Amino acid sequence: MKNGKLLEVNNLTKVFTKGQGFVKSTIEAVSRVSFALELNQPEIFTLAGESGSGKSTVAKLILGFEEPTAGGILYRGRAVANLKGRKEFMKDVQPIFQNPFETFNPLKKVQSYFFETERNFTGSGHGSYPLTDKSLELVGLSFAEIKDKYPSEMSGGQLQRASIARALITSPSLLIADEPVSMIDASLRMSVVNLFKTLKEEEQVSIIYITHDLATAYYISDRIAIMLRGQFVELGSVKKVLDNPLHPYTQLLESSVPAPDPKARWTEDIALSDLETREYTRKGCKFAGRCPKVHEICYEQEPEYHSVDERLVKCHLYAQDQVRCSSRPQIS
Ligand SMILES: Nc1ncnc2c1ncn2[C@@H]1O[C@H](COP(=O)(O)OP(=O)(O)OP(=O)(O)O)[C@@H](O)[C@H]1O
Ligand SMILES: [Mg+2]
């Protein structure tokens, strides 16, 4: 393969206009986001951050549900925007949504989704659906467990497993899972999270895992990107970033989550839309208004990425440390 990357996201930017009339404001919901996933080296890459930080917009841009304002996405070295490659891309990159009850039509039997997907994929399939059986087995379900069932006859955990199984029929290389366990009963959450780990390890599937939940992120991810108002503010191995967070925003997120409790989410009451718009439109560092370590420069000048202790951190505090880095930071 041309360049050794499965996915390359380069300076991805999405501008939205919020509000109406005189109170209109323009925000960069995704602002010059860059990262890459390697080919033949499956990983779980987590996007974490408060509500309204741009996580889902990144996912939608990669999936082609939204058009980027600037920047680009390469999949296996080819521009995703290139429609010729689109069909292949749709098989190879599969979304997993937050609420499995919204993924499936309540009036349609769950099995019909499997049959349709397998028929479309293989161009055959009458009576026997080997890929359906195999993908159900991969997620720990059997056909008997979904046979003739409507979505309402299954639990949230079972149905989310079924939605992952359906996504696996086309043997994707990448799953993009946006809050895949937040609507699932807490007791079943870990089984789905564990499934992602197994899929990575045994089926070589890479996963972009979007979550509020740092505990599950810590448990399954290889790398994590912490998002704040459209920007990556810290990016590195999950162990480095969460064991010893450097950005004051990552520190805030961590301190409000009791680590061992996978159910825990940080409080979102501070993510009021007023604050959100103010931070999105603030010059300098987006976090300056809430940062306990703020300096004057933070209100004036946007921080650069600094490569510190094996991760990238977008914070003026580390400008000095940067001097010790010999090479330019690489976001991949
Ligand atoms: N279609 C849209 N039009 C205008 N603004 C949008 C649109 N989609 C998202 N936004 C805004 O972009 C910002 C980022 O939204 P996004 O949904 O990507 O955040 P998120 O990190 O996924 O949040 P959550 O954790 O609540 O799912 C928010 O301010 C949101 O209101
Ligand atoms: Mg979201």
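In the predicted model, strand β1 (residues 5-18) pairs with β2 in the antiparallel sense, and ten bridges connect the two. Within this pairing, leucine 12 has valine 33 of β2 as its bridge partner. Both strands belong to an open sheet of four strands, ordered β2-β1-β4-β5, in which the pairing is antiparallel. The edges of this sheet are formed by β2 (25-38) and β5 (78-79), each of which pairs on one side only.

A further open sheet contains eight strands in the order β6-β7-β8-β3-β9-β10-β12-β11, and its pairing is mixed. The edge positions are taken by β6 (93-96) and β11 (305-308); each has a single partner strand, so one side of each is left without a neighbour in the sheet. On average, neighbouring strands of the eight-stranded sheet are turned by 20° against each other, direction ignored. Helix α7 (residues 156-168) packs on this sheet and touches β6 and β7 (174-178). The direction of α7 makes about 170° with that of β6.

At the other edge, β11 runs antiparallel to β12 (residues 311-314), to which it is joined by four bridges. Serine 307 of this pairing stands opposite leucine 312 in β12. The hairpin of β11 and β12 has two residues between the strands, and aspartate 309 takes a positive phi near 45° there. In a regular strand, side chains alternate between the two faces of the sheet. For β11, the covered face consists of His306 and Val308, whereas Tyr305 and Ser307 make up the uncovered face.

The largest nonpolar core comprises 50 residues, of which Phe114, Ile164, Leu175, Phe196 and Ile224 touch the most other members. Helix α7 supplies the largest share of this core, with six residues. Another core, of 30 residues, lies apart from the largest one and has Leu39, Phe45, Ile62 and Phe89 among its members. With neighbours within four places in sequence left aside, isoleucine 224 is in contact with Thr46, Ala48, Leu214, Ala217, Glu234, Leu235, Gly236, Val238, Val241 and Leu242.

Histidine 212 occupies the loop between β8 (206-211) and α9 (214-220). The relative accessible area of histidine 212 is 7%, and the cut-off for a buried residue is under 20%; histidine 212 is therefore classed as buried. The side chain of histidine 212 makes a polar contact of 2.4 Å with the side chain of glutamate 179.

Ligand 1 is surrounded by 16 residues, and those that come nearest are Lys18, Ser51, Lys55, Thr57 and Glu276. Oxygen atoms of ligand 1 approach polar atoms of the protein at several positions, including serine 51, serine 53 and lysine 55. At serine 51, an N or O atom in the side chain lies 2.4 Å from an oxygen atom of ligand 1. For lysine 55, the distance between an N or O atom of the side chain and an oxygen atom of the ligand is 2.8 Å. At serine 53 the backbone is involved: one of its polar atoms is 3.0 Å from an oxygen atom of ligand 1.

Definitions and conventions:
Residues are numbered from 1 along each chain as its sequence is written. Chains are lettered from A and ligands numbered from 1 in the order in which they are written. This is a predicted model: local features need pLDDT of at least 70, side-chain atom pairs count only at pLDDT 80 or more; totals for chains, interfaces and linings use all residues. Side-chain values use heavy atoms; hydrogens and water are left out. Two strands pair if DSSP finds at least two bridges between them. Axes are lines fitted to C-alpha atoms, for helices over the stretch in contact, and angles run from 0 to 180 degrees between N-to-C directions. Contact means heavy atoms within 4.5 Å. A nonpolar core is a set of buried Ala, Val, Leu, Ile, Met, Phe, Trp, Tyr and Cys residues joined through side-chain atoms within 4.5 Å. Buried means under 20% relative accessible area, exposed over 50%, partly exposed in between (1.4 Å probe, protein chains only). A polar contact is a pair of N or O atoms within 3.5 Å; within protein, one must be able to donate a hydrogen and the other to accept it, and residues adjacent in sequence count only if both atoms are side-chain atoms. A residue is near a molecule or strand if one of its heavy atoms lies within 4 Å of it.
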